[in-house]
Each structure stands twice: as structure tokens, then as C-alpha cells.
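These are my notebook entries on a few features that I looked up, taken one topic at a time.

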Amino acid sequence: MTTKFIGKRVKRNEDPRLLTGQAQFVDDVEIPGMLHAAFLRSDYAHARLLSIDVSEARKRAGVVAVFTAEDMGDDWQPGPPLVSPPPTVKDVIFHSRRQVPLVKDKVRHAGEAIAVVIAESRYIAEDAVEDILVEFEPLEAVIDLEKGLEAGSPLVHDDLESNLAAHLFQKKGDYEAAREKADLVIARRIVVDRGAAAAMENRGIVTDWDKKSQHLTVWDTTQAPIPIRNGLVARLGLSEHKVRVIAPFIGGGFGPKMMMFYPEEMLIPWVSMKLNRPIKWIEDRRENFYATTQERGQIHDVEIALSKDGHILGLKDIFLHDTGAYDPYGLTTPLNTQCHVMGPYDIKNFTSEVSVVFTNKTLVTPVRGAGRPQGIYIIERLLDIAARELGIDLIAIRKRNLIPPDAFPYEHEIIDQAFAPLVLDSGNYWPVMEKALEMVGYDQFIEYEQPRLRAEGKYVGIGVIPFLESTGVGPYEGARVTVEASGKINVATGIGTQGQGHFTSFAQIVAEQLGVAVCDVRIVTGDTAEFHWGTGTFASRGAVVAGNAIHASASIVRQKVLKLASKILKTPEEELELEDGLVRVIDIPHKSISLGELALLANPLRGAVQPGTEPGLEATAYFGPQYGATAFGTHAMILEIDPETMMLEIKRYITVEDCGTVLNPLILEGQIHGGVSMGIGNAYYEKLHFDENGQLLNASFADYLIPSATELPRIEVGHVETQSPLNELGAKGVGEAGTLPVPALFAQAIENALNNRDLEILETPLSPNRLYELLRPNEEKSR
Amino acid sequence: MKLGGEYTFDGPREDVWELVRDPAVLATCLPGTQSVQKIGDNQYEGEIKVHIGPIVGVFAGRLFVTNEVPPESCTLTVEGKGKVGFLKGIGNIDMIDCGDRKTLMKYTGEVQIGGKIASVGQRLFDTVSKNMIKQGLDKLNEILHERGAIG
């Protein structure tokens, strides 16, 4: 298909506003009479709340109100469940325990909110928070996943028999039979620890309740404005048309802003209505470390069975998943792990059993990757170990097991986050891997450069990791496309935007259909007053699901445009083209009419129309895929390690992505660059350190290290396109792809660089310090 | 978090013991101490102002002395709470008579911290607490010298 706009390197429509400070973020919203909120949060991770005295805080000048759980009366209710457990898996155990607006009886994680102060300024509110006296009875905290499941462990939720939040078993084929036939069985314990999403912008909410019109407006840093509106309507007893939720420009989502409802998200609108005043709450960075959801903590006891030529016969994975103090997000994350632990490999026999554990830590919900990086880490570590034990090349063992191109659609059989057996829609994996190998110069490096550099005493290593990613999941999104009288196009869709370039890639899709300049397509995202059907921005689905809804709407508008223009220009539709904002007769270019004029004619003020005529050049359409589109990619890296400090220098970093049709390579590369930098943090810098009492010991950017420009390499991006048959655009998602394989890639490249047979990396995140510790017993052994 | 160390006082063990067990003396020694009161047998209550990097806060707390074997050893339990967090510690003190008017104090302990002092201050907490102990013991030794001079 030849395209005019799709697939082109169009500069981003939104950047001039963002770069000149003209874009509105939640904290930019200022309303006359607006009050400010600050929260009292628990210092303890687990404690009974004995008493709370807010009388001094209420007396402080400038304080308007202080609310505790008790003050909320019957309006105090746990948040609604966001995702239910998969009803399609047999014998699933799931105990739903949802976060509360303010702690009533027991604190379940450090940073849980106990009271909210509303004052004339944030300054006063913060001071008043310190006036509140709380008496706690500290309780032993549940931190370790295994100890948490032991009999006699303290309980996060006293009404449950244990800290088991959920249990889920899935299988295909017969692992035990496969194991019997295996030449090699490798069993390992692999541990993945927790990190923060650390978006540049913290969460924030501004609410404005207009009592006279009974209308509530909420500006919220959410990835899901429509579900937030629907939830507020249900809780506050208002009409859907009386609640408008706006998710304006947002400085990064990465998953935690998909969580709903955060306690503050329900509480601040409630308080606004109680006090009949606008209220602003902006989360500070320390709150973000405690009160915004996190991810990745899992312990896997995993076993892989192979033939001696390196074919995977079966895989068995028994793992624990840390859900934190509550589990509103259901089983999405561990289900993703189960679906990705088989990697892009054709594995016929598989058993997976997960136990989800409540702990006295911040809630776990998806963070960019959402369970996928854990699965990928595990299968890739096992293949590295298998290759070593069988004496097979690292690339050869992978190539041997890849799902072949003629196997698509591939029945993966394991139930995924959409509650249906995962089907891999399309793919051609080896050419992607091959391209990454070429780009990084794999053979050249192994044969010549590495021996030469090693002879110079340098610790250089190479890594190559393939991965797949389920993306673009349902249920649906919608969009409305309108040709305005100005000739410009207005598009409204329900998803929110947090930096993905939607204002450009969506505009390209519309421009392609309507023949206008990309900058003449105005996109509105995340405003329920503009479009009020949809779910949200998550699971690498914006471009796939909302993108195809926009494409469908624009196609209908194109038909309307052609039909009307045909009548006016007295020319058959087939002889017309849409170019430069005009509809032209192909053979007589001066015979034309502009889209703006057509839009006016489509909305007559007088006269009669044919019965059944719809006004305007406008259409609303929806898209819901049968199942998600599965993308594929390969990352390759060359690094050098300083053997004294264990600091790394990344010499080359290659990614090759097959995310189907590329809408805009510039935006795609930006997504990949951001994803890789997050992955590098996950792999070698970022780890949240909780002590045995549930205290987070690195809750600031002085201690929690995010890779900065000095740690990040130049990232080279290659593309291969295998279009998805599931949608008109042939698109697959890519928002999370950059992050997924990075920890596995680091482990492989580090082992390769250090070339120490005793070093077997079975954990992530690593750090220079941790790598040094892992090497120490080996050093002692060799002495 | 574990704490531990040794300190040699320039005085006989009985004198050192007497000083350590005097709340009025302790109040003047430990940097930042705003008050110490005896509230019962081997129980004290007080307030101390602590600076840990960017965090400054007053802790109100109690100190319990148990397992007392004068002038040889005792166990100290501290519980403190303030706007910037909480701390809970338990420690053992041993006094060894080295003769020649010298006393060696050995101390070991474990401290739990929570809240802002843990989340933001933990990296500095170790250094700050060691410094505070060192300053406090130096001051005690000074008082010992002064008393010795008078006596």
C-alpha cells in the first residue's frame, strides 16, 4: 500500500506546545477559591490504629477541614475492583481486598493515608498534617513472600486464613511426560525484585464542584479518564453528563496511572462536594514512592526439560507474586508472566502455578511490561544455562526453538489477561533476530573483536535476546471524526495520552483518509466531555485499538465527503480525489471544492433534505479486536565492564522491532528509546529496598537511581514489518517493547563479558554493588 | 540497623557508671537533648532534636534500663516518635575495668527506624548516629575529667 502520511517521519504536532511551556498539566489548573490538600500517611507498614486526634490541626489558621475515615461516615467504602479474576480458569482462588480511602482500623503499608487536611495553601496543609496525633499499635510486618505464606505469619488481612491472595494453575500438554524423555533438566530459583515507575510527573487531581449546576469537573493524571468518570458517577450519585473528567497532558503514565481508584482519586472529589470548593492535590515525590503502585516482585522455582540437541521439551514454573497490601488489579500481572515465560518459543508441554501473596508493601499493579519482563527473564536465563550445559551456541539454541512462520496463528493455549486463551496472530521471528545480529555485527564481534579486546585485558561481552509481547488488547475504543467548517478536522477519542505522540500518529491516520495536512487534524484525548466511551491507555494498545477506531471513523467520513462532493461537482465518486484539503476531479484539478465548504453544505440552515440524512461530515466508529496482536523484537548489546567497580559502559545497543505497520518511525523510535532506558534502570540501577519492617529505605532520587544521560547509550532501532491480520492498519503495539528484554540482555552480556564459569546470574535488578557481591565467592574459590 | 563500638573513659568504673545513670548528666551530653526526666525506677522520658541530612525533627521518647548489674552492664531500650518518623532500639553496655583509672565501654545494639528518617535519611543515619554517640561519650569523658579535677 502506498501511503502519503502513514509510516512517514512526521514531526510531532504537540511538541511546539510542550517545548514552549504552553501545554496544560494538572498542576497548571488554577481556579479562584481553590483549596489545597495534604495527607497524613502512616510511618508504619503494619499497625493497628488506636486513636487519632485532629483537633489541633483543625484549629490551625488557614485550615478549612480535616477528614478521617470516621468523618466520612457511610461514604467510607473500599475502592471498586478494577479487574476481576479470570472466570475462564478452573479452580482459581481469588480474595479481593481493595484499597480504602483513609485507614479506618489497620495500616497495611507504609504511606497509606490516614487523614486529609484541606487548607488555604499546601504550606498550611502540610503544617497541619504535623499537628495530628495518632496512636498506633505496631504489628509485625509481612515482607518476605515465602515467610508470608508460612503458618503463623502475621496477617495483612485479619479476616483471611493466610496471606494467600490468589492461586492460579495453568497447563498445556504433559510436562511430567516430557521430563521423562529429556536429556537435560535444569532447575533454578530465579528472583525478580521491585522497582518504581518513577514517571517525571507525579499524580495530581484538581476538582471543581459547581453546586448550582450540580456539575463536577475533575482534572486527573489518569490513563483512564472514562472509567474514572464512570466510577465517580457511581460513587457520588451524579448523572454521567454532570461529571467531566479531563486527563490533560501527563508527564508519563507507565501503568501506575491506570490503577483506579487511587484513594485520593475518590476522596478529593468527595471533599470538593462536601466543602463546595475547588481542591487541588499534587503528589510529592516521597508520596509517589509510597502511594503510587509499583511492580515486579516474584520468586520463581522453574524447571526446563530439553533434548541434547537443545530442543525445549517442556517447562514448569511455580512462582510467588507479590501484590502488596491489596489486589484491585486482579491477576493481570501474573497472567502476563504466565503468557510470556514460554517466550517466542514453540513449547508443547507447560505447567505454571502462581500463588499471589499479600504483603505490607505498596500495591502492585502493572508497570510498563506488566509481568512480561519476568517471564522473558526466566526463559532467557534458562536458555543461556542450557546452551552452556549442552555446549550449543546461544543464538543456535534460540533459533532452533522459535515458533516457525507457518505456525501462525499460533494457539498458545494459556489464558491471558483478556481471559481467553492467547493466540499469537502473526509473526516471522528469525528475520528480526537475524537483522539484530547483522546490525550488532555478532559474528565479527565473536570471531575477531572480542578475542582482540580480551587479549588487551578488557571485559567485553555481547548479548542477544528475542522476545514477544502481547499488545493491543480489547475490549474496544472509539472515536469521532468531524470535518469542521474551517476545513480542519476534529478528532475525539476516549483514551488518555501521557507522551505517546497520539496528537501526531492519530492525525496521520486521519490525514491519510481525508487528504489534509497532518497539522490540520486536531486530536482530543482524555476528555469525557468530548468522547465518553472507552477504557484507557494500557497494554500497548493506543495505536492499535484507538488508532483503528480513528481509522474506521475517518473512512466513513471519507465516504460521506465523496458522496456529497460527487453530487456537487456532478462527477462520479471514483473520479474524485482528496488532496490538500480539497476534493478534486482527478482529470480536471481546477474543478474542486474544499472540505470546509462541503462541511457547510452538509449542515444546511434552510430547505429540505432527504429523510434519513445525517447532518455534517462526521462519523463515530469503534474498534474491538478479536484478541490482542502479538509483536516481536530482538535486542542486542555490546558492553564493557570495569572489573574493579563493576560499572558498565554500553558500547552498542540495537533493537529490532516488528510491531506491524509503522505509523511514524520518529514516534516509534522515541517509544523504544524511553522503553530501553526504563529497562536499563530495571536491569542495573533501580531497586526499591524495603527493610524487614516494610520501611522503604530509598524513597528519593538521591538513593533510588534512575539511569541518566550518562548511563544511556545511543540506541539504534531497526524495523521489520509483519502486519497484524486483526486490524485494518495492520498495527501492533510497541509502548512496552523497549523495556521487556533488557534485564535478560544484561544478564547474558555480563556473563559473556566476565567469562567466569562460576557466575550464574539468577536475579534482577542487578547493580554494580550486587554484581560485585555475586562475584566475590567465586574470587575466593579461585584463590 | 546494627550499632556497636568501644570507648575508653579516663576514670574508674564506678565513677563512669554513676555518670551514665544520672539523667541530668545524660541530658547535657547527648547532642540535641532537650530534656530528660526520671519517671520511674529505671525509666526515663525525654525529648531530643535530631538532624539527619535534610531532616530535622524532635523525637519524644522513653528509655528503659534493664538487666542492670552495677557497675558492669545493663540493657537499654529506647522508643522514640516524632513528626519525621519513629525509632526503636535495644542495646547492651558492658563496662570493663582496665585499671589505672581507665574504663573500657563496649556497646552493641540494634535500631529500627521508620518514616521520613528511614525513607530519606537511612543513608545518613548510620554516620549521624555514630557521630552523636561519639560526641556524647566525649562529653561524658569531659565531665569525668572535670569531676576528677574537683575530686
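Before listing any lining, I note that I take a cavity to be a set of grid points where a 1.4 Å probe fits but cannot get out, and that lining residues have an atom within 4 Å of a point. I also keep in mind that this is a predicted model.

**Entry 1, cavities.** I counted the cavities of 30 Å³ or more and found eight by this rule. I then looked up the largest cavity, which holds about 1,200 Å³ of space. It is lined by 47 residues, and those closest to its centre are B:Leu30, B:Leu63, B:Leu76, B:Val78 and B:Ile133. The elements of chain B that give two or more residues to this lining include helix H2 (23-29), strand S4 (55-69), strand S5 (73-82), strand S6 (85-99) and helix H4 (122-150). I asked which element gives the most to the lining of the largest cavity, and I found H4(B), with eight residues. By residue class, I noted that the lining of the largest cavity divides into 29 nonpolar, twelve polar and six charged residues.

**Entry 2, the second largest cavity.** I turned next to the second largest cavity, for which I have a volume of about 150 Å³. Its lining is made of 18 residues, and A:Gln99, A:His109, A:Pro263, A:Ala291 and A:Leu363 are the ones that lie nearest its centre. Helix H7 (263-275) and helix H8 (285-291) of chain A each supply at least two residues of this lining, which divides into ten nonpolar, five polar and three charged residues.

**Entry 3, strands of chain B.** I went back to strands that help to line the largest cavity, S4, S5 and S6 of chain B among them. I found that S4(B) and S5(B) pair in the antiparallel sense over nine bridges, and that they form a hairpin with three residues between them. Within this pairing I looked up B:Arg62, whose bridge partner in S5(B) is B:Glu79. S5(B) is also joined to S6(B), by ten bridges and in the antiparallel sense, and the hairpin between S5(B) and S6(B) passes through two residues. Here I noted that B:Cys74 stands opposite B:Ile93 in S6(B).

**Entry 4, a sheet of chain A.** I looked up an open sheet of three strands in chain A, and I recorded the order S23-S24-S25 with antiparallel pairing. Why is one side of S23 and of S25 left without a neighbour in the sheet? Strand S23 (576-579) and strand S25 (588-594) of chain A stand at the edges and have a single partner strand each, so one side of each has no neighbour there. Neighbouring strands of this sheet are turned by 35° against each other on average, direction ignored. Strand S24 (residues 582-585) of chain A pairs with S25(A) over four bridges in the antiparallel sense, and I noted A:Leu582 opposite A:Ser594 in S25(A). Helix H15 (residues 542-569) of chain A lies across S23, S24 and S25 of chain A, and runs at about 120° to S23(A).

**Entry 5, one residue.** Is A:Ser355, in strand S16 (residues 350-358) of chain A, buried or exposed? I found a relative accessible area of 14% for A:Ser355, and because buried means under 20%, I entered A:Ser355 as buried. Leaving out residues up to four places away in sequence, A:Ser355 touches A:Leu149, A:Leu164, A:Ala166, A:His167, A:Phe319, A:Leu320 and A:His321.

Note on methods
Residues numbered from 1 in each chain as written. Chains lettered and ligands numbered in written order. Predicted model: local features only at pLDDT ≥ 70, side-chain atom pairs only at ≥ 80, totals over all residues. Heavy atoms only, no water. Pairing = 2+ DSSP bridges. Axes fitted to C-alpha atoms, helices over the stretch in contact; angles between N-to-C directions. Contact = heavy atoms within 4.5 Å. 1 Å grid on protein atoms, 1.4 Å probe; cavity = no way out; pocket = protein on both sides within 12 Å on 5 of 7 lines; lining within 4 Å. Points joined across faces, edges and corners; volume = space filled by probe spheres on them. Nonpolar A, V, L, I, M, F, W, Y, C, P; charged D, E, K, R; others polar. Buried < 20%, exposed > 50% of the residue type's maximum accessible area, 1.4 Å probe, protein only.
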